[in-house]
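Me: I'd like to go through this model piece by piece, with the reasoning spelled out. Can you take my questions one at a time?

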Amino acid sequence: MYSLLIVDDEYYALEAMKHAVDWSDIGFDRCYTAMSADEAREVLIQEKIDIMICDIEMPEEDGLSLQSWVREQVPQLETIFLTGHAEFSYAQKAIQMHSFDYLLKPIQSADLIHTVKRAMEKKSLDDEFARLKEQYRDYLNEERFWSTKRITKFWKDLYSGRSPLTESQFHELKLIYHADVEGSASILPILFKVEEWLRIFPAKDLDILEFGLCNAAEEIVLSGAAGHVILDQRGYVLILLQEPLPAHQILDHCKDYIARCSTYLSARISCCIGNYTSIWKLPDAYKMLMQEHRHHIAGSEDVYYLRSDRAGHTDVKELVPLPWIEDIAVLLATGKIKEVLQKTDELIDWMQQQSSLTAELLESFYHALLHTIISLLHKNGIALHSLYSGDEPMEREVTRSIQTLRDWAHQLITRAFALLHPEGEDTYSAIEKVCLYINGRLDQDLGREELAEFAELHPAYLSRLFKKEKGLSISDYIAQARIAKAKELLCTTLSTVTDIASKVGYYNYQHFTKMFKKHTGMTPQQYRREYSQRIERQ
């Protein structure tokens, strides 16, 4: 249970807050009141207070001055400020004084309760971390610290070494680390990974938090069973269970551990359960678990099992065809930033709905979008280094979850848009946009209605406007664009004429040859041969 202090110089406001909410119903067993900063100090000195609700404007001494004293004398207290002034300067001062929140009068009971509950949650997490910090300090001074460090080093050397493990290597490691482990042991490896810290912690606190992760794993997952908990590397906890347990019990323990880590350690964790293996095959089992984690999409499921088909899997990326990626390119080129972000979200949502959501699919999107934007920048003469100023995120960081991929895509598109359209406006005419749209879809069957829908114009009006601006009909423009693209591919690639025909929208070889000759006066083969001869003469 928690204790509450309400500070306000207005008697009726004080009584209203005290009685408008059933404080005991939300977790308070004591509720104190004070009508001045001095009275509040007396209560804080005599009683252990967890949450303080304090008015800022009070005669003689205001709430900000009281908070300055609180920060020095009762730093673990969470303060919620109240004021009748909406000026930002008040909120700024409240933030600078490290208050929890800032509410404007008159206050609705529901808003007050919601804010107080959030303060209680933070207080609970802070108290848990303070206890953990104390335990960690004691642990560093115990003999257990050195024995744990020694046995952890034994297991790390064992499963990180050459594969398979030889008997001589095993006995050598036992002698070095004084490990009491039998070679006949059957081991179930379970790998936990911190996908995300739900609060921002200083780097110096991560050792304490990982100590908490290991303690919780020993208590909840092993739960008295034979085995070892190993802090494998930053953000990874490996459990080596050496006692056969029912599968449903292991699953329940893992889920319970994940839930408690989220609640008490502010860590979102995923878990991969391996298969029972002999100690000699542990290096292989460990490598397969790490590989499974690399292919797992964070957030798709908390607990999952090592796939039977992962053995022998290589890291060759599978290119997955993605719908709408060309739409994104055209929309970005034409300055439609809102439509680009919307289409990107639709594509990511589509990926999330796939029954077999894999890392390969996320990697395909990553490379497709990056290639699309780099191509646009190149066409517009913009250097790639303008897109990133030394802070380009690694592919593995971006593709570890749907959310990180979405955040990266939005950031990349926003940066690219600023480079492509520095004026922040759409500078393309409707017909220029249509031409860009056509050039990006030369391999497709393009109709007037589709183009009119894209340009948001009536089909008949679009035809007249296009002819006026370009001096030729839409169909003639498409035909010319296809032949121009075919000429480029004939000169710059080794693709067959049939493949080139399909890439520019002609699926009948004879019709393509006829149209090509109509526009150039020669067949595709003759055009390629003449170009090659011209290059040789140069």
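What follows is a run of questions and replies on this predicted model.

Me: Let's start with the annotation. Which residue does UniProt list for "modified residue: 4-aspartylphosphate"?
Reply: That label comes from an unreviewed UniProt entry. The residue it points to sits in strand β3, which spans residues 51-55. The listed position is Asp-55.

Me: Is Asp-55 buried or exposed?
Reply: The cut-off for buried is under 20% relative accessible area. Asp-55 has a relative accessible area of 2%, so the label is clear. Asp-55 is buried.

Me: What does Asp-55 touch, leaving out residues up to four places away in sequence?
Reply: Two of the contacts are acidic residues, Asp-8 and Asp-9, and another is Lys-105. Gly-63 is on the list too. The full set is Val-7, Asp-8, Asp-9, Gly-63, Leu-82, Thr-83 and Lys-105.

Me: How many of the residues of β3 are buried?
Reply: Ile-51, Ile-53 and Asp-55 point one way from the strand, while Met-52 and Cys-54 point the other way. Both sets are buried, so β3 is largely enclosed by the rest of the structure. The count is five of the five.

Me: Which strands are joined to β3 by bridges?
Reply: On one count, four bridges join β3 to a parallel strand covering residues 2-7, where Val-7 stands opposite Cys-54. On the other, five bridges join β3 to a parallel strand covering residues 78-83, where Glu-78 is the bridge partner of Ile-51. The partners are β1 and β4.

Me: On to backbone angles. What is the phi of His-178, which is not a glycine?
Reply: Most residues other than glycine have a negative phi, so a positive value is worth a look. His-178 is in the loop between α7 and β6, and at 61% relative accessible area it is exposed. Its phi is positive, about 55 degrees.

Me: And where does Ser-223 lie?
Reply: Ser-223 also isn't a glycine, and its phi is positive at about 50 degrees. With 44% relative accessibility, Ser-223 counts as partly exposed. As for the location, α8 covers 206-222 and β7 covers 227-233, and Ser-223 lies in the loop between α8 and β7.

Me: Now charges. How many salt bridges does the structure hold?
Reply: Some of them join up: Lys-48, Asp-50, Lys-123 and Asp-127 are linked in a network. Others include the Arg-30 pair with Asp-29, whose closest N and O atoms are 3.5 Å apart. The total is 20.

Me: How far apart in sequence are the parts that Arg-30 and Glu-47 tie together?
Reply: The closest N and O atoms of this salt bridge are 3.8 Å apart. Arg-30 lies in strand β2 and Glu-47 in the loop between α2 and β3, so the pair ties together separate parts of the chain. At 30% relative accessibility, Arg-30 counts as partly exposed, and Glu-47 is partly exposed at 30% as well. The separation is 17 residues.

Me: Which residue forms a salt bridge with Asp-349?
Reply: The closest N and O atoms of the pair are 2.9 Å apart. The pair links distant parts of the chain, helix α12 and helix α15, 57 residues apart. Asp-349 is partly exposed at 31%, whereas its partner counts as buried at 16%. That partner is Arg-406.

Me: Last topic, packing. Where does the largest nonpolar core lie?
Reply: Nonpolar side chains tend to be buried together in soluble globular proteins. This core has 50 residues, and those with the most contacts inside it are Leu-332, Phe-365, Leu-369, Ile-373 and Trp-408. Helices that each supply at least two residues include α11, α13 and α19. Because domain 3 (323-418) and domain 4 (428-530) both give residues to it, the core lies between domain 3 and domain 4.

Me: How many residues does the second, separate core have?
Reply: Its members include Leu-188, Cys-214, Val-237 and Ala-267. This core is separate from the largest one, and its size is 38 residues.

Conventions. Residues are numbered from 1 along each chain as its sequence is written. This is a predicted model: local features need pLDDT of at least 70, side-chain atom pairs count only at pLDDT 80 or more; totals for chains, interfaces and linings use all residues. Side-chain values use heavy atoms; hydrogens and water are left out. UniProt positions are given in the numbering used here, feature names are shortened, and annotations may be inferred rather than shown by experiment. Buried means under 20% relative accessible area, exposed over 50%, partly exposed in between (1.4 Å probe, protein chains only). Contact means heavy atoms within 4.5 Å. A salt bridge is a side-chain nitrogen of Lys or Arg within 4 Å of a carboxyl oxygen of Asp or Glu. A nonpolar core is a set of buried Ala, Val, Leu, Ile, Met, Phe, Trp, Tyr and Cys residues joined through side-chain atoms within 4.5 Å. Domain bounds come from an automatic or database domain assignment. Two strands pair if DSSP finds at least two bridges between them.
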